[in-house]
Amino acid sequence: KGNVYTLGLARTGQGWSFRENGELVCGRDSGEAVGRLHRDGRNICFAYSFPDTSAPGLGRKRYFLVSDMSETRIELPEGISDVRDVRSWDGTVNVLACNGGRVVWICGGESHCLDLDGGLGAGDCRFIAAGDSLVAAVTLCTGMSKRTGFWTADGWKRLLATESSSSLEICSLCNDAPALRFAESLNGGCSLKKIRY
């Protein structure tokens with residue numbers, strides 16, 4: 001019988017709480033959770049942000065990773081402000097952020113710009129665990145349509161992308177699977193068309 005961990009957001013949109021078996025472990029009245037609650041080995045991890053009070057009015061935020069109840073500030077390169085996901089992987093902090101229409105994967109202090117292959121920008125950006133790899137899944141906006149690209153840190157090359165000419169969109173990504181798995185449906189709706197592995 002295991003413990004149940006939850007990362008909740010305040011109804012007001014500001015603040016978050018981390019609970020173990022329903023009991024409050026920690027939280028803040030301001031700021032927001034970034035990304036998802038996840039495991040790195042045995043450690044329960046999550047990230048959060050709150051406004052940078054040293055630069056009021058500029059919209060800057062400070063980001064922190066909590067791992068095994070130990071908090072570490074995430075140092076970001078200059079110009080990075082739109083953080084979409086944070087994940088600890090083998091003890092290394094990984095960040096997906098948007099910067100001027102580009103998607104940047106920051107890993108262990110190094111920044112790698114992901115090739116959007118003609119995409120006009122990024123929608124949803126998140127990390128998923130697939131076997132022994134951490135994968136970045138990025139929804140690319142290509143005019144009126146969307147498609148999703150997948151990258152791994154192995155050479156920072158795109159692993160694959162959904163078809164740009166198709167009306168199929170990803171409706172579900174399987175996290176913590178032995179390999180990359182996702183389901184597609186027409187326009188991301190509830191009519192399942194394909195499962196890819």
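Let me begin with one pair of residues, glutamate 32 and lysine 61, which form a salt bridge in which the closest N and O atoms are 2.9 Å apart. Glutamate 32 sits in strand β4, covering residues 32-40, and lysine 61 sits in strand β6, covering residues 61-67, so this pair ties together parts that lie 29 residues apart in sequence. I should say straight away that what we are looking at is a predicted model.

How exposed are the two partners? Glutamate 32 has a relative accessible area of 31% and counts as partly exposed, and lysine 61, at 38%, is partly exposed as well.

In general terms, side chains of opposite charge can pair when their charged atoms come close. How many salt bridges does the structure hold? There are 2, and having met one, we can turn to the other, where arginine 84 pairs with aspartate 82 and the closest N and O atoms are 3.1 Å apart. Here arginine 84 is partly exposed, with a relative accessible area of 28%, while aspartate 82 is also partly exposed, with a value of 30%.

Stepping back to the whole protein chain, we find 18 strands and 0 helices, and of its 197 residues, 38% are buried. If we take the contacts between residues at least 6 apart in sequence, 28% of them join residues that are at least 24 apart. Finally, the accessible surface of the protein chain comes to about 11100 Å², and carbon and sulfur atoms account for 46% of that surface.

How values were computed. Residues numbered from 1 in each chain as written. Predicted model: local features only at pLDDT ≥ 70, side-chain atom pairs only at ≥ 80, totals over all residues. Heavy atoms only, no water. Helix = DSSP H or I, 4+ residues; strand = E, 2+ residues; numbered from the N terminus. Buried < 20%, exposed > 50% of the residue type's maximum accessible area, 1.4 Å probe, protein only. Contact = heavy atoms within 4.5 Å. Areas by Shrake-Rupley, 256 points an atom, 1.4 Å probe, with all protein chains shown as cover. Salt bridge = Lys/Arg side-chain N within 4 Å of Asp/Glu carboxyl O.
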